Amino acid sequence: QVQLVESGGGSVQAGGSLRLSCVASGGTFSPNAMAWFRQVPGKGRDMLAAIGWSLGGTFYPEDSLKGRFTISRDIHKNTVFLQIDSLKFEDTAVYYCGAAVADWNAYDLWGQGTQVTVSS
């Protein structure tokens, strides 16, 4: 059974950068797309960026995210990345990767999350 494991989170100062990774392991992995989300306590999980697995096309649900968040993938390593630059205090959250396996519009496989804490 395929599992997703995120890494790369931690505590950073505002203005810094982080690169999150999400590795899929445990079986054949060929999703339609993968995406990064984040969630703060008491709120829902918000999509930050998505990437088509085969062709690598990217999607950012909000234009304001494009400048600081960059999604990429390495299909040979079954890994998706999220580069976050110019971190802000409000970026503090748990970051999750998700895979849309059965359907383009349904993220049905999730990692356990990685905590990002930004200090001002």
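Helices and strands are DSSP runs, numbered from the N terminus, a strand holding at least two residues. In this predicted model, the hairpin of E4 and E5 has six residues between the strands, and Gly42 in that hairpin takes a positive phi near 85°.

**Strand pairing**

Strand E4, residues 33–39, pairs with two partners described here. With strand E5 (residues 46–52), E4 runs antiparallel and is joined by six bridges; in this pairing Ala35 stands opposite Ala50 in E5. With E9, the pairing of E4 is also in the antiparallel sense, over seven bridges, and Met34 stands opposite Ala99 in E9. Strand E4 is mostly covered, with six of its seven residues buried.

A separate description applies to an open sheet of four strands, whose order is E1-E3-E8-E7 and whose pairing is antiparallel. Its edges are strand E1 (3–7) and strand E7 (69–74), each of which pairs on one side only. On average, neighbouring strands of this sheet are turned by 15° against each other, direction ignored. Within the sheet, strand E3 (residues 18–25) and strand E8 (residues 79–84) pair over six bridges in the antiparallel sense. The bridge partner of Cys22 in E8 is Val80. Strands of a sheet pair through backbone hydrogen bonds, in either a parallel or an antiparallel arrangement.

**Backbone conformation in the loops**

Most residues other than glycine have a negative phi. Asn78, in the loop between E7 and E8, has a positive phi near 50°. Ser86, which is not a glycine, likewise has a positive phi of about 50°. Ser86 lies in the loop between E8 and strand E9 (93–100). Is Ser86 buried, partly exposed or exposed? Its relative accessible area is 43%, and buried means under 20% whereas exposed means over 50%, so Ser86 is partly exposed.

**Aromatic and charged contacts**

The structure holds three aromatic pairs. One of them is formed by Phe29 and Trp53 in an edge-to-face arrangement, 5.5 Å centre to centre with 75° between the planes. This pair links distant parts of the chain, since the two residues are 24 apart: Phe29 is in the loop between E3 and E4, and Trp53 is in the loop between E5 and strand E6 (58–59). Both Phe29 and Trp53 are buried. Elsewhere, ring pairs link Phe37, Tyr107 and Trp110 into a cluster.

Two arginine residues are placed over aromatic rings, as tabulated below.

| Charged residue | Ring | Distance to ring centre |
|---|---|---|
| Arg19 | Phe81 | 3.9 Å |
| Arg45 | Trp110 | 4.7 Å |

Trp110 thus takes part in the ring cluster with Phe37 and Tyr107 and also has Arg45 over its face.

**Nonpolar cores**

Which residues have the most contacts inside the largest nonpolar core? That core has 29 residues, and those with the most contacts inside it are Leu4, Phe29, Met34, Trp36, Leu82 and Tyr95. The elements that give two or more residues to this core are E3, E4, E5, E7, E8, E9 and strand E11 (114–119). Phe29 therefore belongs to this core, a set of buried residues joined through side-chain atoms within 4.5 Å, in addition to its edge-to-face pair with Trp53.

Another core, of six residues, lies apart from the largest one and includes Ala35, Phe37, Ala50 and Ala100. Among these, Ala35 and Ala50 stand opposite each other in the pairing of E4 and E5, and Phe37 is one of the residues of the aromatic cluster.

Conventions: Residues numbered from 1 in each chain as written. Predicted model: local features only at pLDDT ≥ 70, side-chain atom pairs only at ≥ 80, totals over all residues. Heavy atoms only, no water. Pairing = 2+ DSSP bridges. Axes fitted to C-alpha atoms, helices over the stretch in contact; angles between N-to-C directions. Buried < 20%, exposed > 50% of the residue type's maximum accessible area, 1.4 Å probe, protein only. Phe/Tyr/Trp six-rings, centres within 6.5 Å; stacked < 30°, edge-to-face > 60°. Lys NZ or Arg CZ within 6 Å of the ring centre and 35° of its normal.
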